[in-house]
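Work through the exercises below with the sequence and the three-dimensional structure side by side. Each task is followed by a solution that goes step by step.

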Amino acid sequence: MTATERILLVGATGVLGAPATRALVAAGHEVHGTSRRAERLSEVESSGARGVVLDALDPASIDAALAEVQPTTVIFLATDLASFDYAANARLREVGAPALVEASHAAGVDRVIAESISWDPHSAPVAALEHAVMSHPGGMVLRFGLLYGPGTWYAADGATTARAGVGVVDAIADTTNWLHVDDAVSAVMAALTWPVSIFDIVDDEPAALEDWAAVLARRAGYAGVPRVTSRGPARVADGAAARSLGWRPAHPSWRDGLGL
Ligand SMILES: NC(=O)c1ccc[n+]([C@@H]2O[C@H](COP(=O)([O-])OP(=O)(O)OC[C@H]3O[C@@H](n4cnc5c(N)ncnc54)[C@H](OP(=O)(O)O)[C@@H]3O)[C@@H](O)[C@H]2O)c1
């Protein structure tokens, strides 16, 4: 059992932040979960967390939240992808994450854990996020594989699954390291006690695009061979460091659940 932390979880209404909030509360931590919109705080509070309004692009709201909560740990699980607005998501990484980290440092926060991505960590916005986080003495980066599971683009009702159902799979990369949302949550929990570093958090089976596209299309009800597009090659993750600390995915292969 880890010590009880007072946690400010930024992005508590998201596909990852919501289950992470529930799991951290269940583990006995004092969790303060954020949304930009006051009307969504009831979602956060239904998980047993306290709701806090915070916009990472608004420094005043960061300062106010930190002053109110005085967290020991800040967990950044915010993305801005619900409307497929990649420019907004880049701004959140390049501007929002560094502002949050700097303010957390000034407020005396011990640990900052932030979500990153395994397949493109050197692109400018992601590198800016990682650089900011690792400049904090308690900074930790979790480079997640491509998330699948409830609420994601690859869920039964997800956007990519719908396209696969008509025979088109648009991929981020030629090869994908997958990660079930539940396993991202278990890694966030485990990271509370890990040494500060950058970790790849991925399942055990990197997947070639044609391979997973065929599985997703079949599960989406498409009988033929789907047409695939990709943005090109990508970094393949190395999950050894997290495994050396005892973390294992409960879903070791994307084959068991992609699209379901
Ligand atoms: N590694 C991955 O593969 C990965 C990771 C994340 C998401 N995704 C994909 O992205 C899709 C959308 O994700 P999502 O449903 O979680 O929605 P989202 O729009 O990406 O929002 C995620 C969280 O970030 C918060 N947020 C957004 N902008 C913020 C800001 N400026 N300041 C503070 N918090 C902010 C949101 O809070 P409010 O909107 O309540 O303010 C929400 O809690 C998913 O379907 C998933 O497939 C993939």
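A residue is called buried when its relative accessible area is under 20%, exposed when it is over 50%, and partly exposed in between, with a 1.4 Å probe and protein chains only. The model is predicted, so local features need pLDDT of at least 70 and side-chain atom pairs count only at pLDDT 80 or more, while totals for chains, interfaces and linings use all residues. Residues are numbered from 1 along each chain as its sequence is written, and side-chain values use heavy atoms, with hydrogens and water left out.

**Exercise 1. Place aspartate 203 in the chain, and decide whether it is buried or exposed.**

Step 1: Helices (H or I, at least four residues) and strands (E, at least two) are DSSP runs numbered from the N terminus; on this basis aspartate 203 lies in the loop between strand S11 (198–201) and strand S12 (207–208).

Step 2: Aspartate 203 counts as buried because its relative accessibility is 4%.

Step 3: Contact means heavy atoms within 4.5 Å. Not counting residues up to four places away in sequence, aspartate 203 touches Trp178, Leu179, Arg243, Pro249, His251, Pro252, Ser253 and Trp254.

Step 4: A polar contact is a pair of N or O atoms within 3.5 Å; within protein, one must be able to donate a hydrogen and the other to accept it, and residues adjacent in sequence count only if both atoms are side-chain atoms. The side chain of aspartate 203 reaches the backbone nitrogen of glutamate 205 at 2.9 Å.

Step 5: Arginine 248 is 45 residues away from aspartate 203 along the chain, and their C-alpha atoms are separated by 8.3 Å.

**Exercise 2. Which backbone nitrogen does the side chain of asparagine 177 reach?**

Step 1: Asparagine 177 sits in the loop between strand S9 (175–176) and strand S10 (178–180), and with a relative accessible area of 6% it is buried.

Step 2: The side chain of asparagine 177 reaches the backbone nitrogen of alanine 237, at 2.8 Å.

Step 3: When neighbours within four places in sequence are left aside, the residues in contact with asparagine 177 are Ser118, Gly145, Leu146, Val202, Pro206, Arg235, Val236 and Ala237.

**Exercise 3. Which side chain is joined to that of serine 116 by a polar contact?**

Step 1: Serine 116 belongs to strand S5 (residues 111–117), where it counts as buried at 2% relative accessibility.

Step 2: The partner is glutamate 130, whose side chain is joined to that of serine 116 by a polar contact of 2.7 Å.

Step 3: Beyond neighbours within four places in sequence, serine 116 is in contact with Val126, Leu129, Glu130, Val141, Leu142, Arg143 and Phe144.

**Exercise 4. Describe the buried residues of helices H1 and H7.**

Step 1: In H1 (residues 17–26), the residues Gly17, Ala18, Pro19, Ala20, Thr21 and Leu24 are buried, and the buried residues of H1 pack against strand S1 (6–10), strand S2 (30–35), strand S4 (73–76) and helix H7 (181–191).

Step 2: H7 is largely enclosed by the rest of the structure, because 8 of its 11 residues are buried; these are Val181, Asp183, Ala184, Val185, Ala187, Val188, Ala190 and Ala191.

**Exercise 5. Examine the positive phi values of glutamine 70 and phenylalanine 84.**

Step 1: Most residues other than glycine have a negative phi.

Step 2: Glutamine 70, although not a glycine, has a positive phi of about 50°; it is found in the loop between helix H3 (59–69) and S4 and is exposed, with a relative accessible area of 53%.

Step 3: Phenylalanine 84 has a phi near 55°, again a positive value in a residue other than glycine; it is found in the loop between S4 and helix H4 (86–106) and counts as partly exposed at 41% relative accessibility.

**Exercise 6. Characterise the chain as a whole, beginning with its helices and strands.**

Step 1: The chain contains 9 helices and 13 strands. Its radius of gyration, taken over C-alpha atoms, is 18 Å, close to the 18 Å that the globule rule (2.2 Å times the number of residues to the power 0.38) gives for 260 residues, so the chain is as compact as a globular protein of that length.

Step 2: Buried residues make up 52% of the 260 residues, and residues 24 or more positions apart account for 76% of the contacts with a separation of 6 or more.
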